[in-house]
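Biologist: I have a new model open and would like to read it step by step. Shall we go through it together?

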Amino acid sequence: MPTEMKDGDLTMNITPKQVLTLAAKYIGYREKASSKDLYSFTDNAGSGNFTMFQAELDKAGFWNTPKNGYEWCTSFVAWCFWRIAGSEAKDVLCLTGPYGASCVSWAKYYAGQARLFTKPQVGDQYFQKDMRDGLPCHTGIVESVSGNTFVTIEGNAGNAVKRVTHTLNSTVYGFGRPKYSAETKDEEMVRWKTINDVPEGYYRDVVKQLMQDGVIQGKGDGVIDITEDMLRTVIYCKRMTEKMLEK
């Protein structure tokens, strides 16, 4: 439930961890060819832009007009917040205008509240740049960040909900920062359950090597259950030990 603040504003108890945990549950959901089988992950898969996410937002009157049948990357992000925060999700997501499901408008709403940034944090809303006109054209939720690499969970990524790895380059428009409630660093950090959850590239290669060396034991079948912060600590300790052995 909302908690009333001293200035009279309402804020939801909503954290990046809550949003990302929910978003990750729908990885693999396929867009539908029609309004049939909306709650099946794979049935009636197609390119009709029909999804359970837009259907539920339409029923709740979240957007200014019904959106099922239209491109749905924005609706997936909005749905993840709406399922947790209800109508207060609009405030959390800086949706202060007529609530059209447009990446261009949404990025402007964040910018209008000085919450559009050039570098990502876990839980940010990522906006991809259309290289033809320079405007935002696609969106997702930042799940993890490692140097110039960041991983997102996105709707309408190849007609599905997917985990996607990006690099900070000219294709990035910016990162909107939702108004999350206060939380601990551990809550902000995404926990990787298996080796396949670890972002491809440096981190995954390091984890594989650490597992081969027996530094990370895991629980069998690739299960590791580790956060980025925990992995960094393991890497640091391993390097310190190697330095000491060199002396």
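Modeller: What follows is a set of questions and answers on this predicted model.

Biologist: Let us begin with the core. Which helix gives the most residues to the largest nonpolar core?

Modeller: This core holds 39 residues, and Phe53, Phe76, Trp79, Phe81 and Trp106 touch the most other members. The helices α1, α2, α3 (73-85), α4 (89-92) and α5 each supply at least two residues. With nine residues, the top giver is α3.

Biologist: How many residues does the other core hold?

Modeller: It lies apart from the largest one. Ile195, Tyr203, Leu231 and Ile235 are among its members. Its residue count is 12.

Biologist: Back to Trp106. Which residues does Trp106 touch, leaving out those up to four places away in sequence?

Modeller: Trp106 is one of the residues that touch the most other members of the largest core. Leave out its neighbours up to four places away in sequence. The contacts are then Trp63, Thr74, Val77, Ala78, Leu93, Leu95, Gln125 and Phe127.

Biologist: Now the cysteines. How many disulfides does the structure hold?

Modeller: A disulfide is a covalent bond between the sulfur atoms of two cysteines. Here a pair must have its sulfur atoms within 2.5 Å. For Cys103, the nearest cysteine sulfur is that of Cys73, 4.1 Å away, and Cys103 is in no disulfide. For the structure, the number of disulfides is zero.

Biologist: Is Cys103 buried or exposed?

Modeller: The cut-off for buried is under 20% relative accessible area. Cys103 has 7% relative accessibility, so Cys103 counts as buried.

Biologist: On to the strands. Which residue in β8 stands opposite Tyr126?

Modeller: Strand β4 (residues 125-129) and β8 run antiparallel, joined by four bridges. β3 also runs antiparallel to β8, with two bridges, and Leu116 stands opposite Gly176. Opposite Tyr126 stands Phe175.

Biologist: How many of the five residues of β8 are buried?

Modeller: Strand β8 covers residues 172-176. It is largely enclosed by the rest of the structure, because its buried residues number four.

Biologist: Last, the loops. Asn49 and Ala114 both catch my eye. Is Ala114 buried or exposed?

Modeller: Asn49 sits in the loop between α1 (16-24) and α2 (52-60); its phi is near 65 degrees, positive though it is not glycine. Asn49 has 15% relative accessibility and therefore counts as buried. Ala114 also has a positive phi, about 55 degrees, and lies in the loop between α5 (103-112) and β3 (116-117). At 62% relative accessibility, Ala114 counts as exposed.

Notes:
Residues numbered from 1 in each chain as written. Predicted model: local features only at pLDDT ≥ 70, side-chain atom pairs only at ≥ 80, totals over all residues. Heavy atoms only, no water. Buried < 20%, exposed > 50% of the residue type's maximum accessible area, 1.4 Å probe, protein only. Pairing = 2+ DSSP bridges. Core = buried A, V, L, I, M, F, W, Y, C linked by side-chain atoms within 4.5 Å. Contact = heavy atoms within 4.5 Å.
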